[in-house]
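Open the model in your viewer and keep a selection box handy. We will hop from one element to the next, with a note on what to look for at each stop.

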Amino acid sequence: MAVTQRRGRRIMMTPEELDAFLAAERTCRVATVSADGAPHVSTLWFAWDGTSLWLYSITRSKRWVDLRRDRRIAVVVDTGEEYGELRGVELSGTVEFVGESPRTGEPCPELDVPERLFARKLFGLDEMPHDGRHAWIRLTPDAIASWDFRKLAGL
């Protein structure tokens with residue numbers, strides 16, 4: 001994974017800050033490439049396992065169709081209201097589809113960790129509920145750029 005930012009290195013998150021941020025935040029914006037080349041942005045919940053971002057997407061969504069055709073993706077997770085509070089991460093690369101589609105809960109050891117993380121973080125449950133409409137997308141980013149404007153005060 002490459003650090004893509006040349007500017008702003010003084011306000012980028014450390015690996016520990018990045019992990020803590022992605023573990024705590026719930027919502028991301030997902031950018032895909034439509035069939036006509038236009039960008040499409042949608043919002044999803046996610047889980048971060050320290051290496052990959054896991055997205056649980058409806059399999060009949062435009063996002064899913066876009067990614068089945070072109071696996072390139074960019075994802076932004078950010079927070080903050082005032083300028084000096086802004087923090088965020090952009091992750092980009094190509095996705096992999098993991099498990100059955102749609103997900104019904106068939107045994108898939110590769111999904112044990114992301115499903116446990118997602119269920120606890122987003123539903124307060126120990127096990128992932130499956131609705132037969134969603135499936136898993138894994139982004140192991142090729143590039144990550146981050147920012148934490150709270151660090152500006154110390155510069």
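Start by selecting Pro114, Glu115, Phe118, Ala119 and Leu122, the buried residues of helix H3. Buried here means under 20% relative accessible area, exposed means over 50%, and partly exposed is in between, with a 1.4 Å probe and protein chains only. Helices (H or I, at least four residues) and strands (E, at least two) are DSSP runs, numbered from the N terminus. Those H3 residues lie on the same side of the helix, because they cover an arc of only 125° around the axis, the arc being that of the directions from the helix axis to the C-beta atoms.

A word on ground rules: this is a predicted model, where local features need pLDDT of at least 70 and side-chain atom pairs count only at pLDDT 80 or more, while totals for chains, interfaces and linings use all residues. Residues are numbered from 1 along each chain as its sequence is written, and side-chain values use heavy atoms, leaving out hydrogens and water.

Now show the whole of H3, residues 112-123. Its twelve residues reach 16 Å from the first C-alpha to the last, close to the 16 Å expected at 1.5 Å a residue; the expected span is 1.5 Å times one less than the number of residues. Just after the helix, click on Gly124, whose phi is positive, near 65°. What do the buried residues of H3 pack against? Colour S3, S4 and S7 to see their partners, with contact meaning heavy atoms within 4.5 Å.

**The hairpins**

Select S2 (residues 27-33) and S3 (residues 39-48), which pair in the antiparallel sense over seven bridges. Two strands pair if DSSP finds at least two bridges between them. For one such bridge, pick Ala31 and its partner Val41 in S3. Five residues sit between these strands, and in this hairpin Gly37 takes a positive phi near 90°.

Add S4 (residues 53-58), which runs antiparallel to S3 and is joined to it by three bridges. Here Phe46 stands opposite Leu55. This second hairpin has four residues between its strands, and Gly50 in the turn has a positive phi of about 100°. Gly50 is partly exposed, with a relative accessible area of 36%.

**Along S4**

Stay on S4 and select Trp54. Trp54 counts as buried, at 2% relative accessibility. Its side chain makes a polar contact with the side chain of Asp49 at 3.0 Å. A polar contact is a pair of N or O atoms within 3.5 Å; within protein, one must be able to donate a hydrogen and the other to accept it, and residues adjacent in sequence count only if both atoms are side-chain atoms. Leaving aside neighbours within four places in sequence, the contacts of Trp54 include Pro114, Trp136 and Arg138. Try a distance label too: the C-alpha atoms of Trp54 and Glu115 are separated by 8.9 Å, although these residues are 61 apart along the chain.

Ser57 is also found in S4. At 0% relative accessibility, Ser57 counts as buried. Among its contacts beyond four places in sequence are Arg63, Trp64 and His134.

Next, select Arg138 in S7. Is this residue buried or exposed? Arg138 is buried, with a relative accessible area of 13%. Its side chain makes a polar contact with the side chain of Glu110 at 2.7 Å.

**The nonpolar cores**

In soluble globular proteins, nonpolar side chains tend to be buried together. A nonpolar core is a set of buried Ala, Val, Leu, Ile, Met, Phe, Trp, Tyr and Cys residues joined through side-chain atoms within 4.5 Å. The largest one has 23 residues, of which Leu22, Leu55, Val75 and Leu91 touch the most other members. A second, separate core of eleven residues includes Leu111, Phe118, Met128 and Trp136.

**Last stop: H1**

Finish by selecting Leu18, Phe21 and Leu22, the buried residues of H1. They are on the same side of H1, because they cover an arc of only 90° around the axis. Turn to the other side of H1 to find Glu16 and Ala24 exposed. To see what covers the buried residues, show elements including S3, S5, S6, H3 and strand S8 (143-148).
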